[in-house]
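This report covers one protein chain, from a single residue up to the overall fold. Please keep the sequence and the 3D view at hand.

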Amino acid sequence: DEVATIFFRMLTDDSRAAYWTQTNAYSDVPADLWSNNAVSTMSNAGILTGYPDGSFMPTANITRAEFAAIAARFDSGSGESLDMFNDISGHWAESYIERAAAKGWINGYGDGTFRPDQYITRAEAMTLVNNILDRHVGLEGLHEGMITFSDNSDTSAWYYTAVQEATNSHDYERAEGVTNETWTGIKAPRNWAELEKEWSTSGSAGHEDSVYGSN
C-alpha cells in the first residue's frame with residue numbers, strides 16, 4: 001500500500017523504532033507483501049486501521065476522508081468546528097477532517113465542499129503530505145538538477161511544485177518567517193528496501209528528506 005509506505009517514512013526515527021513490527025492481524029497482508037513492514041508498523045502505532053471483516057485491502061483506492069483521517073492521527077489534538085466544508089456533517093471522518101483542516105493540512109473546493117468520499121489523487125496526496133511536513137517551494141526556488149517527470153511538465157499547473165517537492169530529496173535554505181524553500185542541492189534517494197532489511201534485524205530507524213522513494 002503506497003499510502004501506508006508514505007506515512008511510514010514520515011515517522012520520526014524514535015517513533016519508527018518504537019512501533020516497528022513485521023506482523024499484523026490482517027487477512028490480506030502476508031509477510032511477503034512488499035508493504036508489509038509499513039502496514040504492520042503503522043497499524044501497531046494506531047495510525048492505520050483495517051476493516052470490520054479483518055481485511056486491510058492494500059490495493060484499494062483511498063478516499064479523501066480516509067487520507068485525512070490517517071494524517072490527523074499524526075496529531076494528538078482534537079478537532080475544531082471550523083465550518084469550512086458543507087458536506088462533512090455526520091460523516092465518520094468529520095472530526096479527523098476538521099482536525100486536519102485546523103492544522104492547515106487540507107483544503108476543500110471552491111464550492112465549499114470537501115468531497116470526503118471522492119478518491120484522492122496522487123497530486124492531492126502529495127500536497128497534503130507536503131503541508132504536514134511544512135515543505136513548500138516556488139518555481140524560483142527549484143534546483144536545476146532535480147528529477148523531472150514527463151507528465152508533470154506544466155509549470156503553471158497547481159500541483160507542479162508540490163510534485164517536485166515530494167519527489168526530490170534535497171538540501172534547502174529558508175529564511176525565518178518565509179514559507180517557501182530555496183533548494184541548494186539534490187540528494188540521491190535513499191534505498192528504503194535495504195534499510196528495512198537492516199531494521200528487521202536491528203529495529204533501528206532512519207530518516208530521509210523525501211518520503212516518496214522507490215519500493
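Ser43 sits in helix α3, residues 36-44. Helices here are DSSP runs of H or I with at least four residues, strands are E runs of at least two, and both are numbered from the N terminus. The model is predicted: local features need pLDDT of at least 70, side-chain atom pairs count only at pLDDT 80 or more, and totals for chains, interfaces and linings use all residues. Residue numbers start from 1 along each chain as its sequence is written, and side-chain values use heavy atoms, with hydrogens and water left out.

**Around Ser43**

A polar atom of the Ser43 side chain lies 2.8 Å from the backbone oxygen of Val39. Setting aside neighbours within four places in sequence, Ser43 is in contact (heavy atoms within 4.5 Å) with Tyr26 and Leu48.

**The second largest pocket**

A pocket is an open set of points on a 1 Å grid over the protein atoms alone, where a 1.4 Å probe fits, with protein on both sides within 12 Å along at least five of seven lines; lining residues have an atom within 4 Å of a point. The second largest pocket has a volume, the space filled by probe spheres set on the points, of about 310 Å³. Its lining counts 17 residues. Nearest the centre of this pocket lie Thr49, Tyr51, Ile62, Glu66 and Ile70. Helix α4, residues 64-72, gives the largest share of the lining, three residues. By class, the lining holds eleven nonpolar, three polar and three charged residues. Asp, Glu, Lys and Arg count as charged; Ala, Val, Leu, Ile, Met, Phe, Trp, Tyr, Cys and Pro as nonpolar; the others, Gly among them, as polar.

**Gly110**

Gly110 belongs to the loop between α5 (94-102) and α6 (122-133). Gly110 is exposed (over 50% relative accessible area, 1.4 Å probe, protein chains only), at 89%. From Gly110 to Glu173 the C-alpha distance is 33 Å, across 63 residues of sequence.

**The whole chain**

The chain has eight helices and two strands. Their order along the sequence is α-α-α-α-α-α-α-β-β-α.

| Property of the protein chain | Value |
|---|---|
| Radius of gyration, over C-alpha atoms | 18 Å |
| C-alpha span along principal axes | about 45 × 45 × 35 Å |
| Buried residues (under 20% relative accessible area) | 45% of 215 residues |

A compact globule of 215 residues would have a radius of gyration near 17 Å, by the rule of 2.2 Å times the number of residues to the power 0.38, so the chain's 18 Å agrees. Among contacts with a separation of 6 or more, 61% join residues 24 or more positions apart.

Technical notes. Polar contact = N/O pair within 3.5 Å; in protein donor to acceptor, adjacent residues only side chain to side chain.
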